[in-house]
Amino acid sequence: MIKLTKNAAVYVRSMVERKGSPHHLRVQHAFGGCSGLYYDVVFDKKKAKNDRVLATEGFKVFVDKGIKAREETIIDYIKTPNGPSLVSSNHKFRVNLWIHD
């Protein structure tokens, strides 16, 4: 199960409003290596054929069916020296989205 914190939802909602059209979050495979798999979180308008659709904090989240999120994953919004970011609380499900305004 993938969930957004309230802070993440507020930030994502502001990003969607700036885009001016309905966008949803997509979680997809990015790459893997010796230390495990990494995932991208991106904005998307359409559900792909192989997506599962989850709902959290008023958003649809499209998740590639190949991703086996057996443990709860909470995506949170943080501010870093490099800028705002969405990160996962689950070390086995490493999601990192650097948001460029």
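## Overall architecture

The protein chain folds into 1 helix and 8 strands in this predicted model. Read from the N terminus, the order of elements is β-α-β-β-β-β-β-β-β. Of the 101 residues in the chain, 37% are buried.

Contacts between residues at least 6 apart in sequence were also sorted by separation: 46% of them join residues at least 24 apart. The chain exposes about 6,300 Å², and carbon and sulfur atoms supply 53% of that area.

## Strand pairing around β6

Strand β1 (residues 2-4) pairs with strand β6 (residues 73-80) in the parallel sense, over 3 bridges. In this pairing, L4 stands opposite I75 in β6.

Strand β6 is also joined to strand β7 (residues 83-88), here by 6 bridges and in the antiparallel sense. These two strands form a hairpin with 2 residues between them. I75 stands opposite S88 in β7, in addition to facing L4.

## Strand pairing around β5

Strand β5 has a parallel partner in β2, with 3 bridges between them. L25 stands opposite V61 in β5. Strand β4 runs antiparallel to β5 and is joined to it by 6 bridges, and T56 stands opposite F59 in β5.

The β4 and β5 strands form a hairpin with 2 residues between them, and E57 in this hairpin takes a positive phi near 50°. E57 appears again below as a salt-bridge partner of K6.

## Nonpolar core

The largest nonpolar core contains 20 residues, and L4, V27 and V63 have the most contacts inside it. Two or more residues come from each of β1, α1, β2, β3, β5 and β6. Helix α1 gives the largest share, 6 residues.

L4 therefore has a place both in this core, where it counts as buried (under 20% relative accessible area), and in the pairing with β6, where it stands opposite I75.

## Salt bridge between K6 and E57

Side chains of opposite charge can pair when their charged atoms come close. The structure holds 3 salt bridges. One of them joins K6 and E57, with the closest N and O atoms 3.7 Å apart. This pair links distant parts of the chain: K6 lies in helix α1 (residues 6-19), while E57 lies in the loop between β4 (51-56) and β5 (59-64), 51 residues away in sequence.

K6 is exposed, with a relative accessible area of 59%. E57 is partly exposed, at 34% relative accessibility.

## Salt-bridge network at R26

How are R26, D44 and D51 linked? The three residues belong to a network of salt bridges. In one of these bridges, the side chains of R26 and D44 meet at 2.7 Å, N to O. R26 is in strand β2 (residues 24-33) and D44 is in strand β3 (residues 36-44), so the bridge spans 18 residues of sequence and links distant parts of the chain.

R26 also forms a salt bridge with D51, the closest N and O atoms being 2.5 Å apart. D51 is in strand β4 and R26 is in strand β2, 25 residues apart, and this pair too links distant parts of the chain.

Is each member of the network buried or partly exposed? R26 has a relative accessible area of 7%, under the 20% limit, and therefore counts as buried. D51 is buried as well. D44, at 24%, is partly exposed because its value lies between the 20% and 50% limits.

## D40 beside R26

A further acidic residue, D40, has its place in strand β3. Its relative accessible area is 30%, and D40 is partly exposed. D40 and R26 are 14 residues apart in sequence, and their C-alpha atoms are 7.8 Å apart in space.

Leaving aside residues up to four places away in sequence, D40 touches R26, V27, Q28 and A30. Among these contacts, R26 is a member of the salt-bridge network with D44 and D51, and V27 is one of the residues with the most contacts inside the largest nonpolar core.

Methods. Residues numbered from 1 in each chain as written. Predicted model: local features only at pLDDT ≥ 70, side-chain atom pairs only at ≥ 80, totals over all residues. Heavy atoms only, no water. Salt bridge = Lys/Arg side-chain N within 4 Å of Asp/Glu carboxyl O. Helix = DSSP H or I, 4+ residues; strand = E, 2+ residues; numbered from the N terminus. Buried < 20%, exposed > 50% of the residue type's maximum accessible area, 1.4 Å probe, protein only. Contact = heavy atoms within 4.5 Å. Areas by Shrake-Rupley, 256 points an atom, 1.4 Å probe, with all protein chains shown as cover. Pairing = 2+ DSSP bridges. Core = buried A, V, L, I, M, F, W, Y, C linked by side-chain atoms within 4.5 Å.
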